[in-house]
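Colleague: I would like a close look at one part of this model, the open sheet and what surrounds it. Please take me through the strands, then the helices and loops beside them.

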Amino acid sequence: MGNRGMEDLIPLINKLQDAFSSIGQSCNLDLPQIAVVGGQSAGKSSVLENFVGRLDFLPRGSGIVTRRPLILQLVNSKVEYAEFLHCKGRKFVDFDEVRLEIEAETERITGSNKGISAIPINLRVYSPNVLNLTLIDLPGMTKVAVGDQPQDIEHQIRDMLMQFITKESCLILAVTPANTDLANSDALKISKEVDPQGLRTIGVITKLDLMDEGTDARDILENKLLPLRRGYIGVVNRSQKDIDGKKDIRAALAAERKFFLSHPGYRHIAERMGTPHLQKTLNQQLTNHIRDTLPGLRSKLQSQLLSLEKEVEEYKNFRPDDPTRKTKALLQMVQQFGVDFEKCIEGSGDQVDTSNLSGGAKINRIFHERFPFELVKMEFDEKELRKEISYAIKNIHGVRTGLFTPDLAFEAIVKKQIIKLKEPCLKCIDLVIQELINTVRQCTNKLGSYPRLREETERIVTTYVRERDSKTKDQVLLLIDIELSYINTNHEDFIGFANAQQRTTANATKKRVMPNQVIRRGWLTINISIMKGGSKDYWFVLTAESLSWYKDEEEKEKKYMLPLDNLKLRDVEKGFMSSKHVFAIFNTEQRNVYKDLRQIELACDTQEDVDSWKASFLRAGVYPEKDQTKTHMNAMSTSDTVSMDPQLERQVETIRNLVDSYIGIVNKSIRDLMPKTIMHLMINSVRDFIHSELLAYLYSAGDQGSLMEESAEQAQRRDEMLRMYHALKEALVLIGDISTTTISTPVPPPVDDTWIPKDPR
């Protein structure tokens, strides 16, 4: 039957479909197959029932009846019965039960509201009346939603059809009723979209007996109108009266044969029409199609197998019930966790995150941008500081009028300012702690397959981080106490009393970076009202002397350059409808900064970016609004200051300069020692703990077996992966066997239209 010598090809594809359908992969593989498409009530079900030779074994009714793809595998056999893939081992002899099972299985997935699903139903029918053939019956195309169907049901069905018929390995059986306008056939339209040359489409014309008297479909059946490479075949199905009267399939096929032989428009092509010829043609064309696509299918399966082997390799180190495997897997996972943590902190070239800073990069930013910024934010209130210095001098002199500047006043003020360093130092530690904990959580994500192991690992390491937190803070506070214990006025960078009085405002505000040095580049948004053009993104370049912005990062089209003289920063509240974080630049002399704006608002995506830009502005000498420079101090009016005599004012000025010099030395020392202290006492300590002690803590935390219990999701994924792997191996073995046994078998050519009698005209 069919193509002798190659009759095993269709059963081979059936086995592959079963193997992949059982693991939910049938739609994702380009298996050679025939998909049946057509509009509702086009006669698709009747054609399939005629193939099987059984009455009403497919659901019938109005509206959408086929709501899930039905993979119908016909197998020539001496006995007649049906099997469903989801009911393994159960044989259906009564085909009414087959219909009921299809309806029940459809509703199990889609519900009873006429919804659809792309999950297929696999039905295999064994019968002596069929040829080996496999077809996929797809939902009929519709235009209007019925009942409580979703309004986009037309697009849902179209998308489902496209999943199948867009694949080059899929033949399309386009079923069209003859009593409609063939030029507007839904089946032929959608087939034309994916197969414009008509190479994969087989046309089936139904309801030829229902055409108006005096008309026929001869032109299309002779492949003259809307030609297809594989041609058209006409069939006559049972009428509704025949269905209601339970007309026998054999009688229906005999009536179909009689119709073609007796009709004047079709009798000359009667041998090429009818259900038996359609079945034989489909068997031949599917077999040939499988033969043609087999090499490509083999290559694809081999590439999928190779890609899966890497993932399957991971599971070879672990078997659920093997204690030695569990021990080995636990050791490997803890070691990998340690490696991942170290890579996150020290940096690595593999799996680089290009969207956000994390781990060591973020800690580096805390050390060198955020912490210095916090120190600068802790600026002195000049008015209050001068008042404190004045009171200190007066209290030290007592009832006497002092002729010399007292060093005790300097020491008292310096110690008070050094104590203020504790807050930003502790905040820096807290920021590093939070980032360390985030890094630990990020690294434990790879342990997600074993929830208890992940939970215990995260708990143990986080607890250790918290322990190091207190020790690190104690050490940092000790550093500040050491600074308080001895004020070293002989430090080489200290200006001393002699130079304090000569220090000028210009020296105090001198920039700490080289002129024209580029400090930072990046994108920022300038917030401007809609009336003035609206917010826009620009590429900003910050140097030691100016802030410029360009159209883009090529820096060819400069929009504006703003000198940094007399500029300061201030915080701006985030807008009600805005998701961005904002800060502003303004001129301390109340001049316009940009066009007619007294300040320009710059927006970033995150607060972290805002803080980073602020730190960059600090390097350029642009300080927050609270920072009062010496220029402002000298410009303060007498009404804003404590009334002083000239001698006291000179003493206050001298001590103020001394305090500024010494605090600069202390800040420099703290900025240097803070990262070293945190690295030594916290980060390096946590890394060493993970490498040397974490495994022992895990063993003591509980039963090793419970630690290595897989999550349900992981067990399912592992099982699916292994089933897929074995299914691919089995498929390649089957294909290998078929290819060797059929290599010399001659194959009939594809169907063509050379047999059609020529028009005498």
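Modeller: Start with the strand order. The open sheet has 8 strands, and they run β3-β4-β2-β5-β1-β6-β7-β8. The pairing is mixed. At the edges sit β3 (81–84) and β8 (232–234), each pairing on one side only. From one strand to the next, the twist averages 25°. Keep in mind that this is a predicted model.

Now go inside the sheet. Strands of a sheet pair through backbone hydrogen bonds, either parallel or antiparallel. Take β2 (residues 70–76) and β5 (residues 133–137): they run antiparallel, joined by 5 bridges. For one position to find on screen, pick Ile71, whose bridge partner in β5 is Ile136.

Next, a helix on the sheet. Helix α4 (residues 153–165) lies across β1 (33–38), β5 and β6 (170–177). Its direction makes an angle of about 155° with β1.

Another helix, α3 (residues 95–110), holds Glu105. This acidic side chain deserves a look. Glu105 counts as buried because its relative accessibility is 7%, and the cut-off for buried is under 20%. Which residues does Glu105 contact, leaving aside neighbours within four places in sequence? They are Arg68, His86 and Ile121.

Move on to the loops at the β7 and β8 end of the strand order. Pro196 is placed in the loop between α5 (186–194) and β7 (201–206). Its relative accessible area is 45%, so Pro196 is partly exposed. Along the chain, Pro196 and Leu228 are 32 residues apart. In space, their C-alpha atoms are separated by 9.5 Å.

Leu226 belongs to the loop between α6 (218–221) and β8. Check its backbone. Most residues other than glycine have a negative phi. Leu226 has a positive one, near 50°. Leu226 is partly exposed, because its relative accessible area is 36%.

For comparison, step away from the sheet to another loop. Gln590 lies between β14 (581–587) and β15 (599–604). Its phi is also positive, about 60°, although Gln590 is not a glycine. Is Gln590 buried or exposed? Gln590 counts as exposed, because its relative accessibility is 53% and the cut-off for exposed is over 50%.

To recap the part you asked about: the sheet is open, with β3 and β8 at its edges. Helix α4 lies across β1, β5 and β6. Leu226, in the loop between α6 and β8, carries a positive phi.

Terms used. Residues are numbered from 1 along each chain as its sequence is written. This is a predicted model: local features need pLDDT of at least 70, side-chain atom pairs count only at pLDDT 80 or more; totals for chains, interfaces and linings use all residues. Side-chain values use heavy atoms; hydrogens and water are left out. Two strands pair if DSSP finds at least two bridges between them. Helices (H or I, at least four residues) and strands (E, at least two) are DSSP runs, numbered from the N terminus. Axes are lines fitted to C-alpha atoms, for helices over the stretch in contact, and angles run from 0 to 180 degrees between N-to-C directions. Contact means heavy atoms within 4.5 Å. Buried means under 20% relative accessible area, exposed over 50%, partly exposed in between (1.4 Å probe, protein chains only).
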